[in-house]
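User: Could you take a close look at the annotated binding site in this model and walk me through what surrounds it? I'd enjoy one connected account rather than a list.

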Amino acid sequence: MMEAYYMQLAIEEAKKAENLGEVPIGAVIVYKGEVIATGHNRREQLQATHAHAEMIAIEKANAYLNSWRLDGCTLYVTLEPCPMCAGAIVQARIPHVVYGARDPKAGCCGSIMNLLENEAFNHKVHVTSGVMADECGHLLSHFFQILREERQAVEEKIQLYHPDPTKTMQKVDKQKYEIIKGAIMKELEKEALTLKELRNKLKMNLNKSFDGSIDWYCTSVKLDLEARNKIERVDTNKPHRFRLKE
Ligand SMILES: [Zn+2]
């Protein structure tokens, strides 16, 4: 029961990291039933290789106990510690580590190797794994899912280049993009058109409902549709006419 209680506190720490845009990993150190140190991942914020949740918590516990040795302490962390943190745990002589989710890519407390329960070291750490593993793992998978979606959205925007390089990467309003895209597809469904003809058609149809620069959006969206193989050139000589691709 107490393990779940302290792990919940580590999860709260992980959420603090998430709110900062950091990979959500949190840790707490408990001494004689009392939480003496907390830490959450701050690697991006501090641009510091060592700023993992466990390292930050260990440093605070050192200060609290005024000792590099953390005898009698238990470290709770939401994710299986990496080689650096596992090394620090051994160095600090922490007797007991409780972690949540396994880390098959970097975990050194059983996944890739086991630095904590290695007979060859003088100090051996007792490890309890899998405490609230689902909650801890979900925090991470959710974070990376959002990150992937955001990256994809940015990539989509980057594809919308304006032919004028000085205007490249202008901010694209997603809603306006969709309106123009819909209008272009509708026109090209009827007949093949040049860019100029397309612009004039859109101006005729969208003037009242569309307040942005139709020319700019029309060119950007046309280029984007071309890049995505949605439309194709009909003529080899300029000006090219475009039609929808089958
Ligand atoms: Zn680490």
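Analyst: Happy to. For "binding site", the unreviewed UniProt entry lists His52, Cys82 and Cys85. These positions span 34 residues in sequence, yet no two of their C-alpha atoms are more than 9.2 Å apart, so they gather at one spot. Please keep in mind that this is a predicted model.

Let's take His52 to begin with. His52 sits in the loop between α2 (43–46) and α3 (53–65). Is His52 buried or exposed? His52 is buried, because 25 other C-beta atoms lie within 10 Å and 20 or more are enough for that label. Setting aside neighbours within four places in sequence, the contacts of His52 are Ile25, Asn41, Arg43, Cys82, Met84 and Cys85. Both of the other listed positions, Cys82 and Cys85, are therefore among the contacts of His52.

Cys85 belongs to helix α4 (residues 83–91). Cys85 has 28 C-beta neighbours inside 10 Å and so counts as buried. Beyond residues up to four places away in sequence, Cys85 touches His52, Glu54 and Met55. That list leads on to another annotated residue, since Glu54 carries the "active site" annotation in the unreviewed UniProt entry.

Glu54 lies in helix α3. Like the two residues above, Glu54 is buried, here with 29 C-beta neighbours inside 10 Å. What does Glu54 contact, leaving aside its neighbours within four places in sequence? The partners are Ala27, Gly39, Leu75, Val77, Pro81, Cys85, Ala88 and Ile89. Cys85 thus appears again, which ties the "active site" residue to one of the "binding site" positions by a direct contact, in the sense of C-beta atoms within 7 Å.

Ala53, also in helix α3, fills in the surroundings. Ala53 is buried, with 31 other C-beta atoms within 10 Å. Outside the four-place window in sequence, Ala53 touches Glu13, Ile25, Gly26, Ala27, Gly39, His40, Asn41 and Val77. Take Glu13 from that list: Ala53 and Glu13 are 40 residues apart in sequence, while their C-alpha atoms are 8.5 Å apart in space. Some partners recur from residue to residue. Ile25 and Asn41 are in contact with His52 and also with Ala53, while Ala27, Gly39 and Val77 are contacts of Glu54 and of Ala53.

Val77 is a good place to step from the site into the neighbouring strands. Val77 stands opposite Tyr99 in β4. Strand β3 (residues 73–79) is joined to β4 by 5 bridges, and the two run parallel. How many of the 6 residues of strand β4 (residues 96–101) are buried? The count is 5 of the 6, so β4 is largely enclosed by the rest of the structure.

Within β4, Val97 makes a useful second stop. Val97 is buried, with 26 other C-beta atoms within 10 Å. The C-alpha atoms of Val97 and Cys73 are separated by 8.8 Å, although the two residues are 24 residues apart along the chain. Apart from neighbours within four places in sequence, Val97 is in contact with Leu75, Ile89, Cys109, Leu116, Val125 and Val127. Two of these names bring us back to the site: Leu75 and Ile89 are contacts of Val97 and of Glu54.

For context, here is the rest of the chain in brief. The secondary structure of the protein chain comes to 8 helices and 8 strands. Of its 246 residues, 32% count as buried. Among contacts between residues at least 6 apart in sequence, 55% join residues at least 24 apart.

Elsewhere in the chain, the axes of helix α6 (residues 174–190) and helix α8 (residues 214–227) come within 9 Å and cross at roughly 70°. The two helices are therefore roughly perpendicular to each other. On the α6 side the contact is made by Lys176, Tyr177, Ile180, Lys181 and Ile184, and on the α8 side by Tyr217, Cys218, Val221, Lys222 and Leu225. By class, that contact has 7 nonpolar, no polar and 3 charged residues.

There is also an open sheet of 3 strands, in the order β6-β8-β7 with antiparallel pairing. Its edge strands are β6 (193–194) and β7 (231–233), each pairing on one side only. β7 pairs with strand β8 (residues 241–244) over 3 bridges, and Ile231 stands opposite Leu244 in β8.

Notes:
Residues are numbered from 1 along each chain as its sequence is written. This is a predicted model: local features need pLDDT of at least 70, side-chain atom pairs count only at pLDDT 80 or more; totals for chains, interfaces and linings use all residues. Helices (H or I, at least four residues) and strands (E, at least two) are DSSP runs, numbered from the N terminus. A residue is buried if 20 or more other C-beta atoms lie within 10 Å of its own, exposed if 12 or fewer, and partly exposed in between; C-beta atoms are placed from the backbone. Two residues are in contact if their C-beta atoms, placed from the backbone, lie within 7 Å. Axes are lines fitted to C-alpha atoms, for helices over the stretch in contact, and angles run from 0 to 180 degrees between N-to-C directions. Angles under 35 degrees count as roughly parallel, over 145 as roughly antiparallel, 65 to 115 as roughly perpendicular and the rest as oblique. Ala, Val, Leu, Ile, Met, Phe, Trp, Tyr, Cys and Pro count as nonpolar, Asp, Glu, Lys and Arg as charged, and the others, Gly among them, as polar. Two strands pair if DSSP finds at least two bridges between them.
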